[in-house]
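Visitor: I am new to this structure and would love a close look at one part of it. Could you pick a spot where pieces pack together and walk me through it slowly?

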2 protein chains.
Amino acid sequence: MRVGAVRAGMSVEVTCYDCGDSYALADRKRCECGEPLWIAGDVTAFDPDDGAYGVGRYGDLLPVDPVGVGTGTGGTPLVRTEGLDDVVGCRLHVKDEGENPTGSFKDRGSAVGVAYAHERGANRVGTVSHGNMAMSMSAHAASVGMGCVVLVPARIPPGRLGLIAQYDPDLVQAEGDYGRLYYEALEAGPALGVEFVNSDTPLRVAGQKTVAFEIFEAFGGVPDGVVLPVSSGGHASAVWKGFRELERAGVADRVPPLYFVQAAACDPIAQAYRNGDDEVTPVEPGETIAFSIANGSPPSGNRALAAARRTGGAVLSVPDDEIREATDRMARQAGLCVEPACATPVAGLRHLSADGAVDDEAEVVAIATGTGFKELGGEADVDAATVAVSDLERELGSAL
Amino acid sequence: MRVGAVRAGMSVEVTCYDCGDSYALADRKRCECGEPLWIAGDVTAFDPDDGAYGVGRYGDLLPVDPVGVGTGTGGTPLVRTEGLDDVVGCRLHVKDEGENPTGSFKDRGSAVGVAYAHERGANRVGTVSHGNMAMSMSAHAASVGMGCVVLVPARIPPGRLGLIAQYDPDLVQAEGDYGRLYYEALEAGPALGVEFVNSDTPLRVAGQKTVAFEIFEAFGGVPDGVVLPVSSGGHASAVWKGFRELERAGVADRVPPLYFVQAAACDPIAQAYRNGDDEVTPVEPGETIAFSIANGSPPSGNRALAAARRTGGAVLSVPDDEIREATDRMARQAGLCVEPACATPVAGLRHLSADGAVDDEAEVVAIATGTGFKELGGEADVDAATVAVSDLERELGSAL
């Protein structure tokens, strides 16, 4: 069984999580009700392919098999991080998504998005991003000889641009409202012959849902909660969809409570959750060290809100000082180098356990969405002792 | 079967690859003949544990099971990189070791070295490194609450120090001959209560040999050649040992030719190979972008030389301009961001195929030993077009 197969030239059907309307993937970017779409399909079995790596293990539940560097995507470890239990107030497991080809969870969505465009003979894919997604799409396209258009804001740090440019995409700086670009690009793509795989498009969600499958397999069941950062809401939607499919396939007895965490400086989804609203109201993003998740106008914000509420989870936000502390603790107490955005689950869990939403016996999975190595090489303020090699034992003994 | 088990308090036996002498691990740092040692053991079966991740899959062939972030180590993908076939003149597969917790192959050795020290109740591990191994040891120790002493040269770039310091090890700058420090540290360790797991120590080789097991499993047999960078010779020794064990276990019919590549600015092992010498003569390291492998006095140099010769392989060196080009091509034609040291196999393979050592039908594995993300964030010189969001389709159409 291949759900929504494109192999035989079948059209891929997409549905709305909210109103249930269905369309052909090529026909609609969003549901007529305004909400985002994801790929439909009757999931009746869960039968991973042991002969394939990572995302490819779940080919039966994907519209296409990964190609190029997509075949090396996913397959990340779930690490039991006892050293952080006291910090978060529960039994913590970290899903280390930094162990992907371009160092973030974005590779899962790119693996499916690029393979789909490749199979249909497209020459070029594209995305709207100035961070992990831009690097990921550029790398996956490069690995199969396809072009990639990356739309970045007019002013981004040169270091960031260099990380993306190494894969040689067509880099285009956009002047104007960067938030609108998400929609403009999806509209303009077909005429330009560019398959845009933006943050929460159906193909990206399809790839990213595989993280739920891996958590389920590694944990040996459904954990007591799953916590992840939320930005566009695409990843949150994907984790929700993945666990829903496991439930529908009859292998999981429930969907775990999903907890989503934002930076306080840009927390439109958390605000809606706190206010009891059904819809997310856009905000002007403030400055935060968790810049990767500072999306003030999240296209899948309402869907993420629904995922948190319908699974018995929550959406919360944490200030930068707590994010910074959580980042440090993940390195010093778990040996994990993550970017600040990925430490928000650890920071958020402290509040969830303090509030009683999570107890100290709960087995909780935090998704560390990306490596911290990308932007670390330059900064340092480090104390180190100095000893002489010629008398190491004595000098080292004194220094320690 | 557990080879060289420490569980039951058994002592771990180590042997010399060259003269065959055996010792207890705790008693000797090197063989009396001067050569390095590795863990002995009769390998009679190869029976990976499907329930464990990465390095832990091969617990039967390791002295100890990984702990902490070691449980998330290994399990990296082997990616078929067709886009590079024309560059290297053969059918290339890349083993992406950047997909490890600290972004390099060093995590495999740390997983075993730290677990061993942890199981024996040591308080502190240590290493002599200012790069990947330092980060790796610090992270693995942190993940199980152990201390870690890292001996770095007196003058290293602050960015590099910051990458290591995030895990909060005891950082010590050593004044004097850094090459001697490898030996001094191993000697001083026991008195100081520090288990040094340096570049080619038996425990590190034990962990690193698992990359051969993973290549064998993913490839579905023994490839026509395996190519990797060589520095201390520890990794080269480990790959050799891994394939030897597969052969002894009766699952592999041969050990593949092993090709080792150095930077021309520091190539003592390649010089010995070219000269037909049995022993490596130390050199003064020159400047190279492949600084990770610029070891002028490799402690396992003779063993690496033996591995290349006895498997029908070779040792060669490549200049910086070829390393730089190979690094770029790996990103642009395979979607892989690697540090320059890890691009040396691709640069070296061009020579091997030009010389007829490798033909265009050969299925060859290159080990990309570490991610390039660690030191990229700062530099950039990038051209990008600019368009207006408000008229995206027209402007983007013109820009592309």
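Guide: Happy to! Please keep in mind that this is a predicted model. Let us begin in chain B with two helices, H8 (residues 234-248) and H10 (residues 301-310), which pack with their axes 8 Å apart and at an angle of about 40°. Because of that angle, H8(B) counts as oblique to H10(B). The crossing of H8(B) past H10(B) is left-handed.

Now look at the side of each helix that takes part. From H8(B) come B:Ala236, B:Ser237 and B:Trp240, and they meet B:Arg303, B:Ala304, B:Ala306, B:Ala307 and B:Arg310 of H10(B). Sorted by character, the residues of this contact between H8(B) and H10(B) are 5 nonpolar, 1 polar and 2 charged.

Next, step back to see how the two chains are arranged. A turn of 180°, with a shift of 0.0 Å along the axis, lays chain B on chain A with an RMSD of 0.0 Å. That is the relation of a two-fold axis. If you want a landmark for the axis, try B:Glu99: of the residues of chain B, its C-alpha comes closest to the rotation axis, at 2.1 Å. Both copies use the same surface, as 100% of the contact residues of chain B recur in chain A.

The two chains also share a sheet. It is an open sheet of 5 strands with parallel pairing, and its order is S9(A)-S6(A)-S7(A)-S8(A)-S14(B). At its edges, each pairing on one side only, are strand S9 (194-196) of chain A and strand S14 (385-388) of chain B. On average, neighbouring strands in this sheet are turned by 30° against each other, direction ignored.

Where does chain B join in? Strand S8 (residues 170-175) of chain A and S14(B) run parallel and are joined by 4 bridges. In S14(B), B:Thr386 stands opposite A:Gln173.

Finally, find the helices that accompany these strands. Helix H5 (residues 178-192) of chain A lies across four strands of its chain, namely S6 (124-128), S7 (147-153), S8 and S9, and runs at about 145° to S9(A). Helix H13 (residues 392-399) of chain B packs on the sheet as well, touching S7, S8 and S9 of chain A together with S14 of chain B. The direction of H13(B) makes about 160° with that of S14(B).

Note on methods. Residues are numbered from 1 along each chain as its sequence is written. Chains are lettered from A and ligands numbered from 1 in the order in which they are written. This is a predicted model: local features need pLDDT of at least 70, side-chain atom pairs count only at pLDDT 80 or more; totals for chains, interfaces and linings use all residues. Side-chain values use heavy atoms; hydrogens and water are left out. Axes are lines fitted to C-alpha atoms, for helices over the stretch in contact, and angles run from 0 to 180 degrees between N-to-C directions. Angles under 35 degrees count as roughly parallel, over 145 as roughly antiparallel, 65 to 115 as roughly perpendicular and the rest as oblique. A crossing is left-handed if the near helix is turned anticlockwise from the far one by less than a right angle, and right-handed if clockwise. Contact means heavy atoms within 4.5 Å. Ala, Val, Leu, Ile, Met, Phe, Trp, Tyr, Cys and Pro count as nonpolar, Asp, Glu, Lys and Arg as charged, and the others, Gly among them, as polar. Copies are superposed by least squares on the C-alpha atoms of residues with pLDDT of at least 70 in both. Two strands pair if DSSP finds at least two bridges between them.
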